[in-house]
Amino acid sequence: MVGIDIGSKTIKVVELEKEGSGFNLLASGIVGYQSQPITKIEDEKEFAAIGQILRKLHNEAGVTGKEVNISVPESQVFTRTIKFPLLTDAEIASAVKWESEQYIPIPINEAIIQHTILERNEKSSPPEVLVLLIAAPRIVVEKYVRVAAAAGLNVTSVETELVALTRALAPTDKTVLLVELGASSTNIAISKAGLLSFSRSIPIAGEAFTRAVSQSLGVNAQQAEEYKKTYGLESSQLEGKVKGALDPVLRMVVDEIKKAIHYYQTEEKGEAPGSIIISGGTSGLPDIISMLTGALGVEVLVANPFSHVALDAETAKKLAPFSPLYSVAVGLAEREG
Ligand SMILES: Nc1ncnc2c1ncn2[C@@H]1O[C@H](COP(=O)(O)OP(=O)(O)OP(=O)(O)O)[C@@H](O)[C@H]1O
Ligand SMILES: [Mg+2]
């Protein structure tokens, strides 16, 4: 299967084939591009332009499959956990269908709605079923499908970034927090036993970090990007000036992670995540691991989305510096059916 993650700054593609309980990597590729946000595009020419970039990536990466799974940005999606009384699966499906209007802020005839049963707590009082509801505006989904179509590809399924990310990264035996640090957004998920239980997106990520460096040091965006990637949060570099610029932005991300954990523990009665797994381009920020570990007091690990994927030594070495960027695309390619 082929997974395609169309980010705001980069497009990632991964093609996998199932083998036994794992996968083989058939192809992978990544390309940077510039465009206004896809959600804002109306003009057919602009869809075609991004389609061309995707078509080229698909060709140059050596991907053969034309049936693809794509993601829509978490920032465009509404996710809620709802408690139902102890109903059957079929009853829950119909309750979701008839009642979702009260849970989502867009008219249901303009939304694509999915639900997952997270937990049946027969022993709690009252007994309850925990259901995750995800709603995406149809118009947004259609725009991403149009980009794929313009590349000559057929969209088989559309998922949210965090659903795909959870499939690629979440262990099935514990509660973890996943943070995807991209260019325009940071997405935060909590997964319990491999199921996505909580999700949130904030518009603070790589671009906000670059902007902070640019403003604080009085350098242009390109230079700021360079400083950010080279020095990051290292206090010994440039008299700590880059770190000083980045710190307040990182703090906002840390606060949001803390809020997510607090909400999950109080509102959803979940256990505190035992570790944090970071992914996305901004997870490469120098020294981010130790800063997050210090600020959150929880073990922080960099994602390895290829953990279920067989790679030869050479490919593994080549992919290593980029592997956290591929997390969503791998999750999409791992989708069954
Ligand atoms: N080594 C690095 N250190 C810090 N930041 C980095 C590094 N490498 C890439 N980035 C940043 O990662 C971002 C791109 O990451 P990614 O490809 O995950 O974004 P995206 O998927 O296009 O964005 P989004 O999902 O938010 O729309 C850019 O902001 C870039 O500056
Ligand atoms: Mg992204």
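Helix 5 (206-217) and helix 6 (221-231) are a good place to start, since each supplies at least two residues of the shell around ligand 1. Please keep in mind as you look that this is a predicted model. In total, 21 residues surround the ligand, and the closest are Gly7, Gly182, Gly206, Gly281 and Gly284. What is the make-up of this shell around ligand 1 by class? It has 12 polar residues, together with five charged and four nonpolar ones.

Now turn to helix 1, which runs over residues 44-60. With 17 residues at 1.5 Å a residue, helix 1 should span 24 Å, and its end C-alpha atoms are indeed 24 Å apart, so expectation and model agree. Which residues of helix 1 are buried? They are Phe47, Ile50, Leu54, Leu57 and His58. These residues cover an arc of only 100 degrees around the axis, which means that they sit on the same side of helix 1. The cover over these buried residues includes strand 2 (10-19), strand 3 (22-32) and helix 3 (138-150). If you turn to the other side of helix 1, you will find Glu44, Lys45, Asn59 and Glu60, which are exposed. After the helix comes Gly62, with a positive phi near 75 degrees.

That leads us to the backbone. Most residues other than glycine have a negative phi, and most peptide bonds are trans. With that in mind, a few places in the loops deserve a look.

Begin with the loop between strand 6 (111-121) and strand 7 (128-137), where Pro126 is found. The peptide bond leading from Ser125 into Pro126 is cis, and its omega is near -5 degrees.

Next, follow the chain to the loop between strand 10 (186-192) and strand 11 (195-202), the place of Ala193. Ala193 is not a glycine, yet its phi is positive, at about 50 degrees. Is Ala193 buried, exposed or partly exposed? It counts as partly exposed, because 13 other C-beta atoms lie within 10 Å, and the exposed class requires 12 or fewer.

Finally, Lys269 lies in the loop between helix 7 (241-267) and strand 12 (275-279). Its phi is also positive, near 50 degrees, in a residue other than glycine. Here the surroundings put the residue in the exposed class: Lys269 has 10 other C-beta atoms within 10 Å, and therefore it is exposed.

Terms used: Residues numbered from 1 in each chain as written. Chains lettered and ligands numbered in written order. Predicted model: local features only at pLDDT ≥ 70, side-chain atom pairs only at ≥ 80, totals over all residues. Near = placed C-beta within 6 Å. Helix = DSSP H or I, 4+ residues; strand = E, 2+ residues; numbered from the N terminus. Nonpolar A, V, L, I, M, F, W, Y, C, P; charged D, E, K, R; others polar. Buried ≥ 20, exposed ≤ 12 C-beta atoms within 10 Å, placed from the backbone. Expected span 1.5 Å × (residues − 1). Arc of directions from axis to C-beta. Contact = placed C-beta atoms within 7 Å.
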